[in-house]
Amino acid sequence: GASPQPPQRASPRKAAQRSAVLRDLPTLEPPNKAIRPGSPQPLTASDARKQSLGKLADKLLEDESEYALLPDDPSRLRLMVQEIGSARDAGIPRGTRAADEWGFKKVKLFAQDIGARWMRPYAHDVNINVLTETWFVALALFWIVQHMAPSSRRAARGFMDAQPQSGLLAIYGWLRVQRDCGRYRCDMTEVKRVAHGMCIQYKAIWGPEAFEKQQAAVMSNGMLLAIEKCLQSHQVPNWSAAEHDMWDFAHTFEISTGMRKDEVTEAYDGDDFLKRGNFKLIDAHGVYTIMTTDNIAAMSNGSILEVTSVPSKCDRLNMDWSKQKMFFIMDDSKDLNLAAAFKRYEIRYPCPLAERKRWPAFSPTGDANTMSLWQADRMFHRKLEVSVPAHMEGVKIHSYRATLASKMCQARSAGHKRFDDSVIQAHLRWKTLASLMSYSKMTPETF
């Protein structure tokens, strides 16, 4: 992304307002307060979910009615419940699982500070005190926000307090764990009122710009062509030929598809990401061509390249968008032509036919080695420094997605009526039109 802006000097006036409006609590270290008696409290979200399965099995085994489950084989029931729980937890996205651990820890620290239990009553408990449960969450939100540091990005903009919404995200993570453990979850109406009031206070401290959205910047045609020229002429110091050629292909691919960063990189072992096998050649009749190096080298203007999407955050099983193929026609007379860039890359770094389902589409070494999220960000920033140093602010890999959406909307405004909302939504694989409206930017001329 762009280089961060220098931190702003802390304002004495704002500091005084902050002290008056959001009182600083003394410490993050929980004091030695006695927790009220009860079942042992799990220390992590993962442990909480595991322990809840034993409690669930116990509850099922208490059933002595004619509808009881495996009453004569309690060991088997316990084993089945554990296996079902493992299957359920395997379906939690990796990022959500991390957010749940983070939120659970925040609420646990709050509960330890006030001597309360962070695992709340079971949902079937007839003695639930709704008022207590509601205000446990409201107080937790208030405490968490006061103890939370701002993100590095917001700190670089001069905001020294975390936004109240960040505390609310921690609450939601903790609530997901409570749900999976069969615990009571209060109605959030009152809690959201507290959050809204804290946002008003936050704005009073940090000014009307405190909640302005900072989205990925849109790249101009001149920027895109300057980046392409930089990569094709191998201008980035200390980069190998393979790194230049990979980014030449990736640059053209991203501005053509707008794929998310985590769809083209490997975040962890076993991650889903774009492979060589996601690219196929078809003829004018829709017949597939075997993806040998010779067949790829024989591509000519008019050849059709088909691309299949990969699992994404909104389509984790790739059931929705995998059936909506993407097609690109080769025309090597045009800049940023994806099919032509694909041919160049494949000829220079051929992949054995048997390995196309395993090799990444984008490899810094042109082979089976993958590119990590961190590596992609670092290399993207580096090529911007060399190719468009005066236009880096707000530009990140996600800018490809925002740029493509904006350019398709601009094409529609210019009279290309085929770019209606449904076409743009399908091309960028969004599930809702609200996402499209968020990303597409109006040009000064249109405005």
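# A walk through the predicted model

Let us start with one side chain: R382 is partly exposed, with 29% of its relative area accessible. The value falls between the two cut-offs, under 20% for buried and over 50% for exposed, so R382 takes the middle label. Keep in mind as we go that the model is predicted.

R382 has a charged partner in E385, and the two side chains meet in a salt bridge with 3.1 Å from N to O. E385 is also partly exposed, at 33% relative accessibility. Why can these two side chains reach each other? R382 and E385 sit three residues apart in helix α14, which separates them by about one helical turn. An α-helix has 3.6 residues a turn, so residues three or four places apart point the same way. Opposite charge completes the reasoning, because side chains that carry it can pair when their charged atoms come close.

It helps to step back and take in the whole protein. Its secondary structure comes to 17 helices and four strands. The protein has 447 residues, and buried ones make up 44% of them. Among contacts with a separation of 6 or more, 70% are between residues 24 or more positions apart. On the outside, the protein exposes about 23900 Å², with carbon and sulfur atoms supplying 55% of that area.

Now back to the charged pairs. How many salt bridges does a search of the whole structure find? The total is 19. One of them pairs R356 with E346, the closest N and O atoms lying 2.9 Å apart. This pair links distant parts of the chain: R356 is in the loop between α13 (338-348) and α14 (373-387), E346 is in helix α13, and 10 residues separate them. Are these two partners buried or exposed? R356 has a relative accessible area of 5%, so it is buried, and E346, at 3% relative accessibility, counts as buried too.

A further salt bridge joins D89 and R88, again with 2.9 Å between the closest N and O atoms. Here the two partners carry separate labels. D89 is buried, with a relative accessible area of 18%, because that value is under the 20% cut-off. R88 has 31% and is therefore partly exposed.

Let us turn to a helix, α2, which covers residues 45-61. Does its length in space agree or disagree with what its residue count predicts? At 1.5 Å a residue, its 17 residues should span 24 Å, and its end C-alpha atoms are 25 Å apart, so the two values agree. Which residues of α2 are buried? They are A45, A48, R49, S52, L53 and A57. The cover over these buried residues includes α3 (74-90), α4 (94-114) and α7 (164-180).

Follow α4 from there to its meeting with another helix, α5 (residues 130-146). The axes of α4 and α5 come within 10 Å and cross at roughly 105°. Because that angle falls in the range from 65 to 115 degrees, α4 is roughly perpendicular to α5. On the α4 side, the residues that make this meeting are K106, V107, L109, F110, A111 and D113. On the α5 side, they are F136, L139, A140, W143 and I144.

For a residue out on the surface, look at H196. H196 sits in helix α8 (residues 189-206) and counts as exposed, because its relative accessibility of 53% is over the 50% cut-off. Its C-alpha atom is separated by 8.9 Å from that of Q165, although the two positions lie 31 residues apart along the chain.

We can end in the loops, with two backbone angles that deserve a look. N318 has a phi near 60°, a positive value in a residue other than glycine. N318 belongs to the loop between β3 (304-307) and β4 (326-329), and at 12% relative accessibility it counts as buried. L336 also has a positive phi, near 55°, and is likewise a residue other than glycine. Where is L336 placed? It is in the loop between β4 and α13, and with a relative accessible area of 18% L336 is buried.

Conventions:
Residues are numbered from 1 along each chain as its sequence is written. This is a predicted model: local features need pLDDT of at least 70, side-chain atom pairs count only at pLDDT 80 or more; totals for chains, interfaces and linings use all residues. Side-chain values use heavy atoms; hydrogens and water are left out. A salt bridge is a side-chain nitrogen of Lys or Arg within 4 Å of a carboxyl oxygen of Asp or Glu. Buried means under 20% relative accessible area, exposed over 50%, partly exposed in between (1.4 Å probe, protein chains only). The expected span of a helix is 1.5 Å times one less than its number of residues. Contact means heavy atoms within 4.5 Å. Accessible areas come from the Shrake-Rupley method with a 1.4 Å probe; for residues, only the protein chains shown count as cover. Axes are lines fitted to C-alpha atoms, for helices over the stretch in contact, and angles run from 0 to 180 degrees between N-to-C directions. Angles under 35 degrees count as roughly parallel, over 145 as roughly antiparallel, 65 to 115 as roughly perpendicular and the rest as oblique.
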